[in-house]
Amino acid sequence: MAPVMPSKTCDRPMKITILDDYFDTVRTLPCFSKLDGQTVTIWNDHVQDTDILAERLRDTEVLVLIRERTKIQAPLLERLPNLRLISQRSVWPHIDIEACSRQGVIVSSSQHAGTPSYAAAELTWALTLAAARQLPQQMAALKAGHWQIGVGTSLRHKTLGIFGYGRIGAAVAGYGRAFGMNVLVWSGPDSLERARADGYATAASKQAFFQNCDVVSLHLRLFPATRGIVMAADLNWMKPTAILVNTSRAGLIEAGALEEALRKGRPGMAAVDVYENEPVTDVNHPLLSMDNVICTPHIGYVTREEYQTQFTDIFDQILAYAAGTPINVVNPVISR
């Protein structure tokens with residue numbers, strides 16, 4: 001089935017809604033001018049209630065999503081008769097693509113080929129350094145009137161494990177090399193070949209990878225084949241001094257395995273930016289209560305520069321749709 005196209009170039013303002021712009025950032029970006037002349041509504045809070053969303057979006061023709069913050073599923077889509085386009089960037093596990101197709105809604109999502117998220121790579125490295133030197137714990141202790149609460153670890157000459165050698169993984173490997181670390185990669189065959197071509201060592205097996213790394217950083221996309229790819233047994237192979245860093249997706253790790261592994265002391269510490277259910281607002285979340293875990297609220301991509309890159313793509317997709325030539329379409333769409 002071919003995507004449904006607008007019958008002609010839009011000759012009136014489109015009704016565009018942007019969800020989950022927590023800090024009202026999007027309208028301040030240079031690329032926002034691409035929407036000049038359109039009718040744009042921006043919501044700065046987060047809701048997942050279907051009734052509330054249906055009311056907010058009842059007149060919406062184009063829906064802009066910020067990554068995976070809001071789930072768009074069939075019960076909501078069926079109540080949005082005017083919706084024609086969802087424009088976003090990156091993967092779409094939060095969108096019911098089949099329901100969109102049934103409703104005649106195009107989903108456009110750029111995969112940013114050739115453009116790694118340097119923001120996510122930088123946060124990965126910041127978390128690695130923070131975990132190695134116990135920065136949040138030391139800062140909290142100092143504010144509480146205590147002076148030095150422990151001894152950190154240096155990264156130079158240690159082994160940095162990159163699990164998934166894509167664009168972000170390659171960037172993080174470069175940071176590790178710059179800090180004098182030995183980089184070891186584990187990934188699929190094609191990615192391993194690219195890593196070797198870039199001068200990095202590759203592990204002989206998954207077990208050897210987890211056994212030998214002092215820092216393991218996950219850089220895989222989440223889809224059915226990678227869900228739970230890091231199992232409890234893998235974590236059990238890690239050194240008690242090792243650090244696991246996850247700025248990719250929580251679902252890459254077997255459910256509950258990381259918490260249990262940290263309680264057992266292998267690995268000795270973790271730094272995470274992603275969670276199975278977001279946003280996390282429960283202060284009793286198990287990871288938040290652990291002294292050997294550093295947690296950040298999924299801010300890997302949350303920089304002005306990254307927003308400019310992402311929303312340039314998102315708005316270009318809207319303009320392409322308005323011109324009658326949708327781009328980056330990820331679903332077969334039934335005309336209605």
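This passage describes the overall form, the strand pairing and the unusual backbone geometry of a predicted protein model.

The predicted model contains eleven helices and twelve strands. For a chain of 336 residues, a compact globule would have a radius of gyration near 20 Å, and the value of 22 Å computed for the protein agrees with this expectation. The C-alpha trace spans about 65 × 50 × 35 Å along its principal axes. Of the 336 residues, 49% are buried. Among contacts between residues at least 6 apart in sequence, 64% join residues at least 24 apart. The protein exposes about 15,900 Å², and 54% of this area is supplied by carbon and sulfur atoms. The side chains include 32 positive and 33 negative groups, and the centres of these two sets lie 4 Å apart.

Strands of a sheet pair through backbone hydrogen bonds, either parallel or antiparallel. In the protein, an open sheet is formed by seven strands in the order β8-β7-β6-β9-β10-β11-β12, and its pairing is parallel. Its edges are occupied by β8 (201-202) and β12 (293-295), each of which pairs on one side only.

Within this sheet, strand β6 comprises residues 159-163, and five of its five residues are buried, so the strand is largely enclosed by the rest of the structure. The side chains of β6 are divided between two directions: T159, G161 and F163 point one way, whereas L160 and I162 point the other way, and all are buried. Strand β6 pairs with β7 (residues 182-186) in the parallel sense over five bridges. In this pairing, T159 stands opposite N182 of β7.

Strand β11 (residues 269-272) likewise has buried residues pointing in both directions, with M269 and A271 on one side and A270 and V272 on the other. Two neighbours of β11 in the sheet order are β10 and β12. The pairing of β11 with β10 (residues 243-246) is parallel and extends over four bridges, and L244 stands opposite A270. The pairing of β11 with β12 is also parallel and comprises three bridges. Here A271 of β11 stands opposite I294 of β12. Strand β12 is an edge strand and pairs on one side only.

A further set of parallel pairings involves strands β3, β4 and β5. Strand β4 (residues 85-89) is mostly covered, with five of its five residues buried. From β4, L85, S87 and R89 point one way and I86 and Q88 the other way, and all are buried. Three bridges join β4 to β3 (residues 62-64), and these two strands run parallel; V64 stands opposite S87. Strand β4 also pairs with β5 (residues 106-110) in the parallel sense, over five bridges. In that pairing, S110 of β5 is the bridge partner of R89. Both S87 and R89 belong to the group of residues that point one way from β4.

The backbone was also examined for unusual geometry. Most residues other than glycine have a negative phi, and most peptide bonds are trans. A cis peptide bond joins R266 and P267, with omega of about 5°. P267 lies in the loop between α10 (257-264) and β11. Another cis peptide bond joins E278 and P279, with omega of about 0°. P279 is found in the loop between β11 and β12, two strands that are joined by three bridges.

Positive phi values occur at Q148 and N328. Q148 is not a glycine, yet has a positive phi of about 55°. This residue is placed in the loop between α5 (135-143) and β6. Q148 is exposed, with a relative accessible area of 60%. N328, also not a glycine, has a positive phi of about 55°. The location of N328 is the segment after α11 (304-322). N328 is partly exposed, its relative accessible area being 37%.

Conventions:
Residues are numbered from 1 along each chain as its sequence is written. This is a predicted model: local features need pLDDT of at least 70, side-chain atom pairs count only at pLDDT 80 or more; totals for chains, interfaces and linings use all residues. Side-chain values use heavy atoms; hydrogens and water are left out. The radius of gyration is taken over C-alpha atoms; the globule rule is 2.2 Å times the number of residues to the power 0.38. Buried means under 20% relative accessible area, exposed over 50%, partly exposed in between (1.4 Å probe, protein chains only). Contact means heavy atoms within 4.5 Å. Accessible areas come from the Shrake-Rupley method with a 1.4 Å probe; for residues, only the protein chains shown count as cover. Lys and Arg count as positive and Asp and Glu as negative; His and the chain ends are not counted. The place of a charge is taken as NZ of Lys, CZ of Arg, CG of Asp or CD of Glu. Two strands pair if DSSP finds at least two bridges between them.
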